[in-house]
Amino acid sequence: MKRILLVLATLLMHTAAAEELSATLDWSQRVGLGLTVSGVIADVAVRPGQRVEKGQLLVALDDSHLRARIVRAEAELEEARQNRDEGARELERSTELYDRTVLSDHDLQLAQIGEARAKATWHKARADLAEARILLRQSRIEAPFSGLVISVTAQPGQAVINGLRAETLIELARDDRLVARAAIGAELAARLESGAGASVEVSGQRLEARIDRVGLEPVETAGNGAPLYELRVMFGRPEGLPARTGLPLVIHTLE
């Protein structure tokens, strides 16, 4: 009997501690994507509202000059490789002659310097080719994760000139996991912890969730001037729930 009473008391305590909070639906992750290299846009492969997979092409610059740069860098690397190998053979021959006292110290040093220079040129050619390939990759925007294209400002033929800050051309949001946002008072914020269990009620469905973040700085103030802090509760988007932010929902927390 005492055990039953204890269980009932525990349930009553948890029920009393539960909170129902009005919230709004938001993306769990949203990023603005741009290009780090300058050029002219040749292809815009997506449109707003389109779902894309991780690694899918979104935008591409005209890369003809970059591919030409790679071809030139490959040729320079091959030439540098041949010079490096010839420098190594020449140093080997000079060392053999020096050991037989046929070659002077000065001539051996010249062979050593020539071999070192040829090797340095080869390393530089390798770096130039690697840089050219990196620039080619950076001339494309690919989806960093699967999600929904929110906005597209890129247009074919548009010139992209990047200085200190890349221009946002595509906005992408994750649509497999969503977030419920609410503003809560300081007392409740102090009692909640990130990672704790919760649930959300949206479009007539009750879904399991977890507290993703409890804000440390006020995001707004209540009517009485008291500070309010952001509460983020994350949950998986169920089948049939529109991937559209701003919808009302209810957060059920259990402290």
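Biologist: What share of the residues in the protein chain is buried?
Modeller: In this predicted model, buried residues make up 33% of the 255 residues in the protein chain.

Biologist: And how much accessible surface does the protein chain have?
Modeller: The accessible surface comes to about 15600 Å². Carbon and sulfur atoms account for 52% of that surface.

Biologist: What about the radius of gyration of the chain?
Modeller: The protein chain has a radius of gyration of 31 Å, whereas a compact globule of 255 residues would have one near 18 Å. Along its principal axes, the C-alpha trace spans about 105 × 55 × 40 Å.

Biologist: How many helices and strands are there?
Modeller: The protein chain has 4 helices and 14 strands.

Biologist: Which strands make up the closed barrel?
Modeller: The barrel has 6 strands and runs S1-S10-S13-S12-S11-S14, with antiparallel pairing. Neighbouring strands of this sheet are turned by 40° against each other on average, with direction ignored.

Biologist: Let's zoom in on the barrel. What joins S12 to S13?
Modeller: Strand S12 covers residues 205–221 and strand S13 covers residues 227–236; 7 bridges join the two, which run antiparallel. If you want a spot to look at, Thr221 stands opposite Pro227 in S13.

Biologist: And how many bridges join S11 to S12?
Modeller: There are 6 bridges between S12 and strand S11, residues 197–202, and the two strands run antiparallel. One pair to find is Ser199 with its bridge partner Glu208 in S12.

Biologist: What sits between S11 and S12 in their hairpin?
Modeller: The hairpin has 2 residues between the strands, and Ser203 in the turn has a positive phi of about 50°.

Biologist: How does S11 connect to S14?
Modeller: S11 is joined by 4 bridges to strand S14, residues 248–253, and the two run antiparallel. Here Ala198 has Thr253 in S14 as its bridge partner.

Biologist: Changing topic: how many salt bridges does the structure hold?
Modeller: The structure holds 24 salt bridges. As background, side chains of opposite charge can pair when their charged atoms come close.

Biologist: Can you show me one? Where do Glu78 and Arg81 lie?
Modeller: Both lie in helix H2, residues 64–99, and they are 3 residues apart, about one turn of the helix. Their side chains meet in a salt bridge at 2.7 Å, N to O.

Biologist: Why does Glu78 count as partly exposed?
Modeller: Glu78 counts as partly exposed because its relative accessible area is 33%, and partly exposed lies between the 20% and 50% cut-offs. Arg81 is partly exposed too, with 32%.

Biologist: Which residue forms a salt bridge with Asp85?
Modeller: That is Arg84, with the closest N and O atoms 2.9 Å apart. Asp85 counts as partly exposed, at 23% relative accessibility.

Biologist: And what about Arg100 and Glu96?
Modeller: The side chains of Arg100 and Glu96 also meet in a salt bridge, at 3.9 Å, N to O. Arg100 counts as exposed at 52% relative accessibility, while Glu96 counts as partly exposed at 46%.

Biologist: Which residues are joined into one network by salt bridges that share partners?
Modeller: The network joins Asp26, Arg181, Arg213 and Glu230.

Biologist: Last one: among contacts between residues at least 6 apart in sequence, what share joins residues at least 24 apart?
Modeller: In the protein chain, that share is 73%.

How values were computed. Residues numbered from 1 in each chain as written. Predicted model: local features only at pLDDT ≥ 70, side-chain atom pairs only at ≥ 80, totals over all residues. Heavy atoms only, no water. Pairing = 2+ DSSP bridges. Axes fitted to C-alpha atoms, helices over the stretch in contact; angles between N-to-C directions. Salt bridge = Lys/Arg side-chain N within 4 Å of Asp/Glu carboxyl O. Buried < 20%, exposed > 50% of the residue type's maximum accessible area, 1.4 Å probe, protein only. Rg over C-alpha atoms; globule rule 2.2 N^0.38 Å. Contact = heavy atoms within 4.5 Å. Areas by Shrake-Rupley, 256 points an atom, 1.4 Å probe, with all protein chains shown as cover.
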